[in-house]
Amino acid sequence: NQLGGEFDRPNRYQDNSDIYARDDQALLQEEDDIITSQDAALEKITGTAKILQHYGRQIGDEVDDQLDMLDDVENGMENTNRRLKRETQHVEYVRNKAAAGGMMCCIFLLIIAIVVVAIIPF
């Protein structure tokens, strides 16, 4: 029977149906085990990602704090630089005044010396 060639062996498939059913059960169990294993691995990855996120936030907060401190130092340096320039100008002004005052004192003393020498006869 040419057309029934495939139907000549129905007993063979029917006899092995119990084996196929057990194989299906084993495959389903193996698939469940794999899914359970993958779920556990994903949970570990999620936990690690959360820890890294926490560390990342802590690092970001620390960087922000450091930037604030650097801004404070920069502002302090700018203020100190301005005050130093102002005081340097003040010292220069006083030095110029002192130099001018010292010259006036020397000129005054020389005039007195000339008057004394002119008044006292030798």
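**Exercise 1. Place Val-115 in the fold and in its surroundings.**

*Solution.* Start with the backbone: Val-115 lies in helix H2. Keep in mind that we are working with a predicted model. Next, look at the side chain's cover. The relative accessible area of Val-115 is 41%, so this residue is partly exposed; the partly exposed class runs between 20% and 50%. Finally, look at the neighbours. Val-115 belongs to a nonpolar surface patch whose other members include Met-103, Phe-108, Ile-112 and Ile-120. Together, the patch residues have about 1100 Å² of accessible area.

**Exercise 2. Find which acidic residues form the negative surface patch, and classify Glu-62.**

*Solution.* The patch consists of Asp-61, Glu-62, Asp-64, Asp-65, Asp-68, Asp-71, Asp-72, Glu-74 and Glu-78. Now pick out Glu-62, which sits in helix H2, spanning residues 17-119. Its relative accessibility is 41%, and therefore Glu-62 counts as partly exposed.

**Exercise 3. Decide how many disulfides the structure holds, and explain the case of Cys-105 and Cys-106.**

*Solution.* The count is zero. For Cys-105, the nearest cysteine sulfur is that of Cys-106, 6.0 Å away, and Cys-105 takes part in no disulfide. Why does Cys-106 not bond with Cys-105? Their sulfurs are 6.0 Å apart, which is too far for a bond; the cut-off is 2.5 Å. To finish, check the accessibility of each. Cys-105 has 43% and so counts as partly exposed. Cys-106, with 48%, counts as partly exposed too.

**Exercise 4. Summarise the whole chain: secondary structure, burial and exposed area.**

*Solution.* Begin with the elements: the chain has two helices and zero strands. Then turn to burial. Of the 122 residues, 1% are buried, where buried means under 20% relative accessible area. Last comes the surface: about 11500 Å² is exposed by the chain, and 61% of that is supplied by carbon and sulfur atoms.

Note on methods. Residues numbered from 1 in each chain as written. Predicted model: local features only at pLDDT ≥ 70, side-chain atom pairs only at ≥ 80, totals over all residues. Heavy atoms only, no water. Patch = residues over 30% accessible without salt bridge, like charges linked within 9 Å, V, L, I, M, F, W, Y side chains within 5 Å. Areas by Shrake-Rupley, 256 points an atom, 1.4 Å probe, with all protein chains shown as cover. Salt bridge = Lys/Arg side-chain N within 4 Å of Asp/Glu carboxyl O. Lys, Arg positive; Asp, Glu negative; His and termini not counted. Charge placed at Lys NZ, Arg CZ, Asp CG, Glu CD. Helix = DSSP H or I, 4+ residues; strand = E, 2+ residues; numbered from the N terminus. Buried < 20%, exposed > 50% of the residue type's maximum accessible area, 1.4 Å probe, protein only.
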